Amino acid sequence: LLITTYSGTKSCGISESSCLNLCIKNLGAKQEINAVSIFLCKDTCVCASRESLKMEPLAVTLLPGEERVIDKDIMYICPFSGPVKGKVFITNYRLYFKSDPSVTLNVPLGAIGRVEKMGGASSRGENSYGLDITCKDMRNLRFALKQEGHSRRDIFDILFRYAFPLSHGLLLFAYLSQEKYEENGWSVYKPMDEFRRQGLPTDKWRITFINDNYELCDTYPTILVVPFKATEEDLRKVSTFRSRGRIPVLSWIHRENQAVICRCSQPLVGMSGKRNKDDERYLDVIREANGTAKLTIYDARPSVNAVANKATGGGYEGDDTYQNAELVFLDIHNIHVMRESLKKLKDIVYPNVEESHWLSSLESTHWLEHIKLVLSGAIQVADKISGGNSVVVHCSDGWDRTAQLTSLAMLMLDSHYRTLRGFQVLLEKEWISFGHKFASRIGHGDKNHADQDRSPIFVQFIDCVWQMTKQFPTAFEFNERLLMTILDHLFSCRFGTFLYNCESARDTNELRSKTVSLWSLVNSDSTSYLNPFYTPESSRVLYPVASMRHLELWVTYYIRWNPRIRQQQQSPVEQRYIELLALRDEYLKKLEELQLTDSSPNSSHLSNSSAPNAASPTQHITHLHTPF
């Protein structure tokens with residue numbers, strides 16, 4: 001029997017709303033008498049467990065909207081220092097572990113991909129009974145408990161419920177968060193503003209609202225740029241011949257030579273080799289828009305896969321039907337290959353790095369080989385555009401490899417996307433608004449860890465961006481911390497930015513009005529994400545070297561949970577540079593104070609009495625401004 005008042009907290013420390021959620025399965029009855037609620041629960045109810053009645057002060061500051069659910073004494077099987085006794089705290093957002101020798105874990109529940117019971121009541125051996133947790137961010141956690149009285153039942157049930165809220169009819173934490181920021185991150189990307197920045201519309205390209213109600217394509221954004229000559233009826237006809245209705249639309253236009261990057265999905269050719277005159281004519285109109293001799297169609301897939309897709313109604317643009325186009329296959333493998341590749345990489349870096357055969361082990365994962373192929377494909381796209389030739393990019397459905405290629409090519413071609421805010425616009429535009437299936441690829445709040453739709457496509461893209469920042473350390477305004485923050489919150493479900501598969505689903509779930517954007521966090525503390533070496537160069541096109549000799553494993557991300565690696569993360573050169581910048585700011589502040597002192601009435605008499613040819617303090621100060 002638990003008695004609670006509407007002041008909001010029971011003696012066990014759990015808020016009333018959480019208690020209702022937790023007890024829903026075990027609830028025997030509920031009566032309300034004035035300001036008192038009486039919960040009559042079965043013995044298995046977590047609220048009645050002794051552990052939850054003894055909640056201790058939490059060692060970490062809770063986020064607004066975050067609520068504690070349970071505490072428990074537990075043994076953490078640390079893969080680096082062995083078993084450690086401590087206490088685990090679970091909230092509706094995170095798992096937090098703290099031990100007396102300072103071992104701490106702070107894991108957003110959204111980063112948990114799998115929770116399993118380890119051992120049974122009859123298991124023998126020390127620490128053989130407990131929980132095994134697989135995370136999406138390249139780490140695993142193991143906890144051991146005493147083998148008595150079903151000691152893990154309550155924590156397993158709670159963890160399973162809150163790590164996978166959608167599988168239990170609960171809301172993702174982003175909808176519960178009460179965080180407030182100075183900036184509204186949802187205002188970062190405004191499609192019309194971005195198209196105007198690119199110089200659109202023109203006499204060859206127009207903006208259409210045909211998809212305003214997602215009727216043309218339910219996975220595309222509402223505002224699209226299409227050839228001026230193409231009518232709305234033409235667009236409808238073309239959509240019937242493209243997978244998922246994802247017609248070729250403009251992503252980016254070169255201001256000088258007017259060459260464009262268009263993106264779409266595969267044509268529905270099928271085994272019988274179907275043709276669609278409207279689709280053929282439409283691609284020719286794209287070619288004519290800037291007088292390109294031959295339109296280059298980059299198919300991200302290996303040719304074997306593209307041919308195989310005919311069996312399921314897909315296919316590619318044949319030379320015989322698309323006569324003013326050339327087709328280039330980029331040999332980038334599908335989502336299943338990428339998923340297995342990252343699994344292999346995790347096996348050799350966590351918990352311990354495979355030291356004895358490191359190079360051959362890394363090669364066997366093929367991860368860097370896939371990175372090379374993606375970068376190489378984007379370089380080809382950027383090079384064609386620089387040469388004045390328009391391109392169309394697609395894979396199967398146009399939301400995985402296509403997004404990688406278009407966004408990386410745009411990053412190489414357009415320096416605006418290499419700024420802190422420009423990069424946010426690039427992600428919002430090419431990934432979020434154009435329907436990369438974040439919910440399916442990441443599995444937010446979903447317990448089905450074996451879902452074949454899961455794949456690290458976006459992680460792979462961010463890795464490619466990191467490779468570019470290593471090769472061009474002064475070309476990007478943002479730093480590595482931004483990239484890691486993006487990946488952390490790709491999984492965390494703290495922000496609404498990466499939730500759902502497409503804009504139509506976000507609108508249905510009122511995402512922008514009910515959740516906070518990741519860019520609110522970033523832009524409210526933008527100095528933390530700036531690269532001190534950044535040098536703006538507006539017209540420079542970046543061509544990274546996409547060879548295995550020049551690509552590196554992103555150690556500070558993939559192996560960051562290893563304490564030995566973590567100690568080496570800070571670059572000494574960058575650290576010293578930041579210190580010098582801080583010193584410069586300190587000196588400039590002192591100089592400003594001197595200027596203010598010099599301009600005060602008391603100091604004017606002194607300056608008037610000085611020699612007429614003496615240099616003023618301001619003249620001296622100008623020489624102290626060092627151009628960093």
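How many helices and strands are there in the protein chain? In this predicted model, the count comes to 22 helices and 17 strands. The protein chain has 628 residues, and 53% of them count as buried. Its contacts reach well along the sequence: of those between residues at least 6 apart, 70% join residues at least 24 apart. The accessible surface amounts to about 28800 Å², with carbon and sulfur atoms contributing 51% of that area.

A helpful place to begin on the surface is a nonpolar patch of about 260 Å², formed by Leu580, Leu583 and Tyr587. Of these residues, Leu583 belongs to helix 20, which spans residues 572-599. Is Leu583 buried or exposed? The answer lies in between: Leu583 counts as partly exposed because its relative accessibility is 36%, and the partly exposed class runs between the 20% limit for buried and the 50% limit for exposed.

Attention now turns to Asp488, a residue of helix 14 (residues 480-492). With a relative accessible area of 28%, Asp488 is likewise partly exposed. Which side chain does the side chain of Asp488 meet in a polar contact? The partner is the side chain of Arg560, at 2.6 Å. Asp488 also offers a pleasing example of sequence separation set beside spatial distance: Val107 is 381 residues away from Asp488 in sequence, yet the two C-alpha atoms are 10.0 Å apart in space.

Definitions and conventions:
Residues are numbered from 1 along each chain as its sequence is written. This is a predicted model: local features need pLDDT of at least 70, side-chain atom pairs count only at pLDDT 80 or more; totals for chains, interfaces and linings use all residues. Side-chain values use heavy atoms; hydrogens and water are left out. Helices (H or I, at least four residues) and strands (E, at least two) are DSSP runs, numbered from the N terminus. Buried means under 20% relative accessible area, exposed over 50%, partly exposed in between (1.4 Å probe, protein chains only). Contact means heavy atoms within 4.5 Å. Accessible areas come from the Shrake-Rupley method with a 1.4 Å probe; for residues, only the protein chains shown count as cover. Patches are made of residues with over 30% relative accessible area and no salt bridge: like charges are joined within 9 Å, nonpolar side chains (Val, Leu, Ile, Met, Phe, Trp, Tyr) within 5 Å. A salt bridge is a side-chain nitrogen of Lys or Arg within 4 Å of a carboxyl oxygen of Asp or Glu. A polar contact is a pair of N or O atoms within 3.5 Å; within protein, one must be able to donate a hydrogen and the other to accept it, and residues adjacent in sequence count only if both atoms are side-chain atoms.
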